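Colleague: I'm new to this one, so could you take me through a single part of it up close? I'd like to hear about the salt bridges and what surrounds them.

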Amino acid sequence: MKKHLITLLFLFPVLIFSQNKLPEDSNRKKKKKENYDLFRNVSIIDHPHEIKFDVLSYALNGRIQVAYEFQKNLNWYFGMSASIHKNKDRNDSFYRDKYHYLPKYDATPYVRYALTTDQKKLYFVEGFLSVNGGDHKDLERIVNGATAIYQIKNDTYMDIAAGVAVGFKVLVKKRFIIDAYAGGGANLLNEKSPKYVPRIGANIGYCF
């Protein structure tokens, strides 16, 4: 009896271990899931920096826009975009008196808040300020005795706009991103600047 009891005591840990041990494939899947859940629920981001290029604006109107973005945690993103407008048709139309404004540049700091904590696909809202400038033209009335003539007066403008946008972002293969957004703002300071500033784009970028 004593010999059987000793044997049972030695076998007990082996039996317990064998009951709790998962098959190798199941254990690997469980570990992978735990790692993914951990990544989704902590505030440490593996690749918090992004650089990106606005392919939509370049394709539609020749605007060259690049951006840098920093992801602070699962919800907050801070960034800066800068663009130069190089639309030859718009430039020619401006001097043929079709447009009163010719945007030439803008620098836009922004902050985004993700509506979900899913790092592979998310929707966000954005608030931004846009320092924008370009050329402005107007008709100037010149009185010459009993007659008056009008001539085109060219000038420049610079202004600051405040606005909001909404968009979405998709992470591809952990390092590449695609995002798109749409919104707009209003210039606040200069009467010669355009009243509204659009905020529309679609970027491709790289995380590091």
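Modeller: Here is a walk through the salt bridges, followed by a look at what lies around them. Keep in mind that this is a predicted model, where local features need pLDDT of at least 70, side-chain atom pairs count only at pLDDT 80 or more, and totals for chains, interfaces and linings use all residues. Residues are numbered from 1 along each chain as its sequence is written, and side-chain values use heavy atoms, with hydrogens and water left out.

The structure has 13 salt bridges (a side-chain nitrogen of Lys or Arg within 4 Å of a carboxyl oxygen of Asp or Glu). Let's start with Glu 69 and Lys 52, whose closest N and O atoms are 2.7 Å apart. Glu 69 sits in strand E2 (residues 64–71) and Lys 52 in strand E1 (residues 49–54), so this pair ties together parts 17 residues apart in sequence. Strands here are DSSP runs of at least two residues, marked E and numbered from the N terminus. Both Glu 69 and Lys 52 are buried; buried means under 20% relative accessible area, exposed over 50%, and partly exposed in between, with a 1.4 Å probe and protein chains only.

Next up, Asp 135 and Lys 104 meet in a salt bridge at 3.0 Å, N to O. That one links distant parts of the chain, with Asp 135 in strand E5 (residues 121–144) and Lys 104 in strand E4 (residues 101–114), 31 residues apart. Asp 135 counts as buried because its relative accessibility is 11%, while Lys 104, at 37%, counts as partly exposed.

Then there's Arg 199 with Glu 126, where the closest N and O atoms are 2.8 Å apart. Arg 199 belongs to strand E8 (residues 196–207) and Glu 126 to strand E5, so parts 73 residues apart in sequence are tied together. Arg 199 is buried at 6% relative accessibility, and Glu 126 is buried at 3%. Through shared partners, salt bridges join Glu 50, Lys 52, Glu 69, Arg 112, Glu 126, Lys 169, Asp 179 and Arg 199 into one network.

What touches that network? Tyr 77 is in contact (heavy atoms within 4.5 Å) with residues including Glu 50, Glu 69, Arg 112 and Lys 169. Tyr 77 also belongs to the largest nonpolar core, along with Ala 114, Leu 122, Phe 124 and Tyr 181. Such a core is a set of buried Ala, Val, Leu, Ile, Met, Phe, Trp, Tyr and Cys residues joined through side-chain atoms within 4.5 Å.

Methods:
Helix = DSSP H or I, 4+ residues; strand = E, 2+ residues; numbered from the N terminus. Lists of a residue's contacts leave out its neighbours within four places in sequence.
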